Amino acid sequence: MQRKIQWPQKIQGSLRVELTGPALTNFINNALNQGIQISQITWVSQDCIRLTLPVGDYFQLKPILKRTGTKSRILEKKGPPFWWMRLRRRQFFLWGFLLFILLIFSLTSIIWSVEVEGNETVPSKEIIAILQEEGVFIGQLKSRVPSHEEMQYRLQSRLPQVSWVGFRMEGTRVVVTVVEKKRVDEEEGKGERGPIQLVARRNAMIYDMNVERGRPVVEVNESVKKGQLLVSGWYGNPEEPDSGKLVGAKGKVMGEVWYDSTVTVPLQQKRKVYTGNREKAWYPYVGSRMIRIPFLFPESFQSYETIQTTHALQIRNWRLPFGWVEEERLEMKWVRKKLGVKQAVALGKERAREDLITKMGEDGRILGEKILHPRVVDGKVIITIHYDVVENIAVSQPILQGD
């Protein structure tokens, strides 16, 4: 015979009692008649039972125990009163736990590190000094730091040599991200140690020239070879340096060049498809580590992708270094699709063009393309594409004076 523990017992505490005697049935009847709440009755043997009752009803059992000749023994104590008694006996542990919680809140409400990233010419010490003047420094309370938008505005106004400033707070760490302005002289002389001349980086035919400084030594529609001089940094006769003027070269020389690209496209394509099924799981995290609890939120899908969202616990404006991670799993599967030869050729052209665009740079453009020898080998389409391209072929070369 079992009966669920009623809610009052959970609040006032309950006892698990073992009773032994010859008249246990009479004992149970007498106890119920007196209104004693008995639950979870388990018969161990004919003259031994175990039951649960509230703490307050235990003291009403003595007359019934005497009348029925029954002996009792407490096996287990449950409920808030007993927890409180244990804590009172272990006051050192209680105060230690409260001190630990207070220490955690104190440590997580203070800035412990200030970092600057993205700066090259602006010294980090200068930015950190400005932060200190604005009230952001190690040991400062996080609640006393102005809002992120206000700090970005203040830093931007005090650092005219940067184009953008980002300010964010990650736990007890402040991170300032700087994007510096590009100076004109830095762009012009990038990688230079002195005056330069422009030479060809590959074989080409001159398509167009835009020389801002220096003396062109080639003309449009002229064929040039790799390493050939395109724009000299000398004004005057380069064979007589004393009669000329060394100014360095600057500009762009557009050359018509040719590329042959070979692309292999399988006729059997494998691609990822989402089924629309999804499930969510929640895990605690401490610091930067997520704690996965075994058998909690088991994975139902064989193949899936995850999207994780972090939720940090906060006390007012204080972000604590622990919280929970919401993980959303999106079921997916791989499907195979068979392409026709024309579809494979179109896909190969697209891939080859994307690869070519990355090679020829932002100044380049494609004048024409021609597919050569498409063929099918072992379930794959092999395509050779010839491209006619215009791109900047000029690269800088230092002028060694005195040679």
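**Entry 1: the S6–S7 hairpin**

I began at the hairpin of S6 and S7, where two residues lie between the strands and Gly171 takes a positive phi near 65°. I note at the outset that this is a predicted model, and I read what follows with that in mind.

I then looked up how the two strands run, and found that strand S6 (residues 162–170) pairs with S7 in the antiparallel sense over eight bridges. Within this pairing I picked out Arg168, whose bridge partner in S7 is Val175.

Which other strand did I find paired with S7? Strand S5 (residues 113–117) does so in the parallel sense, over five bridges, and here Glu117 has Thr177 as its bridge partner in S7.

I also checked how covered S7 is: six of the eight residues of this strand (residues 173–180) are buried, so S7 is largely enclosed by the rest of the structure.

**Entry 2: salt bridges**

I next asked how many salt bridges a search of the whole structure would find. The search finds 19, and I followed up three of them.

The pair I looked up to begin with was Arg168 and Glu170, whose side chains meet in a salt bridge at 2.7 Å, N to O. Arg168 is partly exposed, with a relative accessible area of 31%, and Glu170 likewise counts as partly exposed, at 33% relative accessibility.

I then turned to Glu212, which forms a salt bridge with Lys250, the closest N and O atoms being 3.3 Å apart. This pair links distant parts of the chain, since Glu212 lies in strand S9 (residues 204–213) and Lys250 in strand S15 (residues 250–266), 38 residues apart. Is Glu212 buried or exposed? At 55% relative accessibility, I entered Glu212 as exposed, because the cut-off for that class is over 50%.

For Glu369 I found a salt bridge with Lys349, with 3.7 Å between the closest N and O atoms. Here too the pair links distant parts of the chain, with Glu369 in strand S20 (residues 365–377) and Lys349 in helix H10 (residues 341–360), 20 residues apart. Glu369 is partly exposed, with a relative accessible area of 33%, and Lys349 counts as partly exposed at 30%.

Going back to the hairpin region, I asked which residues are joined into one network by salt bridges that share partners. They are Glu115, Glu117, Arg168, Glu170 and Arg173. For Arg168 I had already noted the bridge partner Val175 in S7, and for Glu117 the bridge partner Thr177 in S7.

**Entry 3: Thr384**

I looked up Thr384, which is found in strand S21 (residues 380–392). Its relative accessible area is 17%, so I recorded Thr384 as buried, the limit for that class being under 20%. Which residues does Thr384 touch, not counting those up to four places away in sequence? I listed Ser261, Thr262, Lys370, Ile371 and Leu372.

**Entry 4: a nonpolar patch on the surface**

Finally I turned to the surface, where Trp95, Phe97, Leu98 and Phe100 form a nonpolar patch with about 470 Å² of accessible area together. From this patch I followed up Phe100, which lies in helix H6 (residues 91–107) and is partly exposed, with a relative accessible area of 48%.

Key. Residues numbered from 1 in each chain as written. Predicted model: local features only at pLDDT ≥ 70, side-chain atom pairs only at ≥ 80, totals over all residues. Heavy atoms only, no water. Salt bridge = Lys/Arg side-chain N within 4 Å of Asp/Glu carboxyl O. Buried < 20%, exposed > 50% of the residue type's maximum accessible area, 1.4 Å probe, protein only. Helix = DSSP H or I, 4+ residues; strand = E, 2+ residues; numbered from the N terminus. Pairing = 2+ DSSP bridges. Contact = heavy atoms within 4.5 Å. Patch = residues over 30% accessible without salt bridge, like charges linked within 9 Å, V, L, I, M, F, W, Y side chains within 5 Å. Areas by Shrake-Rupley, 256 points an atom, 1.4 Å probe, with all protein chains shown as cover.
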